[in-house]
Amino acid sequence: MTTTEDTTTATTARQDGTRSRLPDPTGLFPELTALAAAVQNAFRNGPVPPATLALMRLRTVQVIGSTYHGVAATHALRKAG
């Protein structure tokens, strides 16, 4: 029998052995995947420039305190110019 914790551990594990401290909510709310995709498409196709979106993501991860996502947001910001 697979528990929610087992599923969360498996889905959040990274190649380098680290894993997220936050559980993966898609196991409990599978509709979040479609919702997140719709939000991303709205952002990408909207009037807000990619650099502004990247700044917003960086600030969000600073507030959350996630180094992993901070590195990804910094990379996206550099890529956006």
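This text walks through the helices of a predicted model, from the whole chain down to single residues.

Start with the overall picture. The chain holds 4 helices and 0 strands. Read from the N terminus, its elements run α-α-α-α. Of its 81 residues, 12% count as buried. The accessible surface comes to about 6,600 Å². Carbon and sulfur atoms own 62% of that surface. Contacts can also be sorted by sequence distance. Among those with a separation of 6 or more, 19% join residues 24 or more positions apart.

Now take α3, residues 50-64. This helix has 15 residues. From first C-alpha to last, α3 reaches 21 Å, close to the 21 Å expected at 1.5 Å a residue. Four names mark its inner side: Leu53, Ala54, Leu58 and Val61 are buried in α3. They cover an arc of only 140° around the axis, so they sit on the same side of α3. What lies over them? The cover of the buried α3 residues includes α2 and α4. The face turned away from the buried side carries Arg59 and Val63, both exposed. Just after the helix comes Gly65, with a positive phi of about 90°.

Leu53 shows the α2 side of this packing in detail. This leucine lies in helix α3. Its relative accessible area is 9%. Buried means under 20%, so Leu53 qualifies. Leaving aside residues up to four places away in sequence, Leu53 touches Phe43 and Val48. Leu53 and Phe43 are 10 residues apart along the chain, and their C-alpha atoms are separated by 7.9 Å. Phe43 belongs to helix α2. The contact between Leu53 and Phe43 thus fits with α2 being part of the cover over the buried residues of α3.

Is Phe43 itself buried or partly exposed? Its relative accessible area is 38%, and Phe43 is partly exposed. The cut-offs explain the label: 38% is neither under 20% nor over 50%, so Phe43 falls in between. Phe43 also has a place on the surface. There, Leu28, Phe29, Leu32, Leu35, Val39, Phe43, Val48 and Met56 form a nonpolar patch. Together these residues have about 690 Å² of accessible area. Which helix gives the most to the patch? Helix α2, residues 31-44, does so with 4 residues. Both contact partners named for Leu53, Phe43 and Val48, are listed in this patch.

Leu55 is another residue of helix α3. Its relative accessibility is 48%, and Leu55 counts as partly exposed. In sequence, Leu55 and Ala76 are 21 residues apart. In space, their C-alpha atoms are 9.0 Å apart.

That leads to α4, residues 67-80. This helix has 14 residues. From first C-alpha to last, α4 reaches 20 Å, close to the 20 Å expected at 1.5 Å a residue. Which of its residues are buried? They are Gly70, Ala73 and Leu77. Seen down the axis of α4, the buried residues fall within an arc of 65°, so they line one face of the helix. Their cover includes α3. On the face turned away from the buried side, α4 carries Tyr68, Val71, His75, Arg78 and Lys79, which are exposed. Gly81 follows the helix, with a positive phi near 95°.

Ala73 gives a closer look at how α4 meets α3. Ala73 sits in helix α4. Why does Ala73 count as buried? Its relative accessibility is 6%, and buried means under 20%. Not counting residues up to four places away in sequence, Ala73 touches Arg57, Leu58 and Val61. Two of these partners, Leu58 and Val61, are among the buried residues of α3. Another α3 residue, Arg59, lies on the face turned away from the buried side. Ala73 and Arg59 are 14 residues apart in sequence, and 8.9 Å apart in space from C-alpha to C-alpha.

Put the parts together. α2 and α4 are both included in the cover of the buried residues of α3. On one side, Leu53 touches Phe43 and Val48. On the other, Ala73 touches Leu58 and Val61, with Arg57 as well.

Definitions and conventions: Residues are numbered from 1 along each chain as its sequence is written. This is a predicted model: local features need pLDDT of at least 70, side-chain atom pairs count only at pLDDT 80 or more; totals for chains, interfaces and linings use all residues. Side-chain values use heavy atoms; hydrogens and water are left out. Helices (H or I, at least four residues) and strands (E, at least two) are DSSP runs, numbered from the N terminus. The expected span of a helix is 1.5 Å times one less than its number of residues. Buried means under 20% relative accessible area, exposed over 50%, partly exposed in between (1.4 Å probe, protein chains only). The arc is that of the directions from the helix axis to the C-beta atoms. Contact means heavy atoms within 4.5 Å. Patches are made of residues with over 30% relative accessible area and no salt bridge: like charges are joined within 9 Å, nonpolar side chains (Val, Leu, Ile, Met, Phe, Trp, Tyr) within 5 Å. Accessible areas come from the Shrake-Rupley method with a 1.4 Å probe; for residues, only the protein chains shown count as cover. A salt bridge is a side-chain nitrogen of Lys or Arg within 4 Å of a carboxyl oxygen of Asp or Glu.
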